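Let's take a walk through this structure together, one region after another. Keep the model open beside you and turn it as you read.

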Amino acid sequence: MSATVEQRTNTVTAVIAGLGAYLPEQVVKNDEIAARLGVTTDWIRDRTGIEQRFVCEPTAATSDLAVEAGRRALASCGNPTVDFLILATCTPDHPFPATAPAVAARLGLAGIAAFDLNAACSGFVYALSVGAGMLASGAYGTGLVIGADAVSTILDTSDPITSPIFGDGAGAVVIRAGDPGEPGGLTAHLLGSDGGLLDIMRTPAGGSRQRSAGIGPDVEHSYFTMSGRAVYKHAINRMSLASTTVLDQVGWSVDDVDWLVAHQANRRILTATAEAIGIPTERAVINVDRVANTSAASIPLAFVDAVTAGTFSAGDRILLAAFGGGATWAAAALTWPDLTLRPGDGLA
């Protein structure tokens, strides 16, 4: 490693320079879900805190969401030259090949490093952390990190556990190499996993294990399944522990945190996680009521909502936390940049 690269590795921080998001036009309200499941809208609201979700049209896929979010993020910071693209998703367009190169090509970024990252609902924080490492290596100067999922494409619409919870969407950030301490900088991050929890969230079909496990080609095996009680317990435990560890790393107390932006799983998990960390619920960004659980897209979508509402100010200390299938979990600390969105780029 050259002296120049060594110096950059020791001093470079990933700084958020741009932000964008996209939601499909189709809105599905609770009354439609309730009628299909034979339950009441109150039953859905009380268990999830969700009022509506956005769902892709039958002709759309994850890449379509990712391209639009990426385009908006790039435009928000003057369309800089980008060296890499990381797409966090658990619903790629195809099992093979990866979706990220196609997204890059559609954004006019053909030729750059582009790859998918699947950590399910933890995917965006994972991708942000990986992108930060790429910038710190000194080999890259700017990257585009996108979280995008079309979970509706793998849902059994008759399943009362998963059907009310998930929606589709995409969010993206442009990150650049910056100086430690400047607004927008990623201060610390922590990633973890436990494969022993594999079965609490999974889609049985679609991978190489389908054949060796004797899983048939019938449609029901292509649906996403979830053990709600197990997810609730582990999500709160893992997100709160990861969060307090990151706070210790950066020397922040819970009182130093201006905003908690946790994965928008459901309102009960969000409020319980904030309580477990010791952060008042009023300092937690919550938009799950309006967009539902959008998997890897949920944290950047929450960013956009907070910026549009004027919630964040430059220099605010932000704590991120997520939990997803795998099982995976992640937490990160950052300071918010001086960043605005163009008219029309907020969430509808």
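A good place to start is Trp259, which stands opposite Ile318 in strand S12. Before going further, please keep in mind that this is a predicted model. The two residues belong to a pair of strands, S11 and S12 (residues 317-324), which run parallel and are joined by four bridges. In general, the strands of a sheet pair through backbone hydrogen bonds, either parallel or antiparallel.

Now widen the view to the sheet around this pair. It is an open sheet of four strands in the order S8-S13-S12-S11, and its pairing is mixed. Which strands form the edges? They are strand S8 (186-193) and strand S11 (259-262), each of which pairs on one side only. From one strand to the next, the twist averages 10 degrees. Helix H8 (residues 228-250) packs on this sheet, where it touches S8, S12 and strand S13 (328-335). The direction of H8 makes about 145 degrees with that of S12.

Stay for a moment with S12 and S13, since the loop between them holds Ala327. A cis peptide bond joins Gly326 and Ala327, with omega at about -10 degrees. A second cis bond lies elsewhere in the chain: Phe96 and Pro97 are joined this way, and omega there is about 0 degrees. As a rule, most peptide bonds are trans, which makes both places worth a look on your screen.

Pro97 takes us to another region, for its place is in the loop between S4 and helix H5. Strand S4 (residues 84-88) pairs with strand S5 (residues 113-117) in the parallel sense, over five bridges. Between the two strands the chain passes through H5 (residues 100-106), and this β-α-β crossover from S4 to S5 is right-handed. To find the pairing by eye, look for Leu87, which stands opposite Asp116 in S5.

Next, turn to the helices, beginning with H2 (residues 30-37). Which of its residues are buried? They are Asn30, Ile33, Ala34 and Leu37. Seen down the axis of H2, these buried residues fall within an arc of 100 degrees, so they line one face of the helix. The general reason for such a pattern is that an α-helix has 3.6 residues a turn, so residues three or four places apart point the same way. The buried residues of H2 pack against strand S2 (26-29), helix H3 (41-48) and strand S3 (52-55).

Glu32 is also found in H2, but Glu32 is partly exposed, with a relative accessible area of 41%. Its C-alpha atom is separated by 9.8 Å from that of Pro164, although the two residues are 132 residues apart along the chain. Just after H2 comes Gly38, which takes a positive phi of about 75 degrees.

Helix H6 (residues 123-136) offers another picture of burial. H6 is mostly covered, with 12 of its 14 residues buried. Among them are Phe124, Tyr126, Leu128 and Met134, and small residues such as Gly131 and Ala132 are on the list too. From its first C-alpha to its last, H6 reaches 20 Å, close to the 20 Å expected at 1.5 Å a residue. Just after H6, Gly138 takes a positive phi of about 85 degrees.

Positive phi also turns up outside glycine in this model, at Asn79 and at Ala292. For context, most residues other than glycine have a negative phi. At Asn79 phi is near 50 degrees, and the residue is found in the loop between helix H4 (62-76) and S4. At Ala292 phi is near 65 degrees, and the place of this residue is in the loop between helix H10 (288-291) and H11. Are these two residues buried or exposed? Asn79 is exposed, with a relative accessible area of 51%, whereas Ala292 counts as buried at 0% relative accessibility.

The walk ends in helix H11 (residues 298-308), where Leu301 is found. Leu301 is buried, with a relative accessible area of 0%. From Leu301 to Ala119 the distance is 17 Å, C-alpha to C-alpha, and the two are 182 residues apart in sequence.

Conventions. Residues numbered from 1 in each chain as written. Predicted model: local features only at pLDDT ≥ 70, side-chain atom pairs only at ≥ 80, totals over all residues. Heavy atoms only, no water. Pairing = 2+ DSSP bridges. Right-handed = clockwise from strand over helix to strand, strands pointing away. Axes fitted to C-alpha atoms, helices over the stretch in contact; angles between N-to-C directions. Contact = heavy atoms within 4.5 Å. Buried < 20%, exposed > 50% of the residue type's maximum accessible area, 1.4 Å probe, protein only. Arc of directions from axis to C-beta. Expected span 1.5 Å × (residues − 1).
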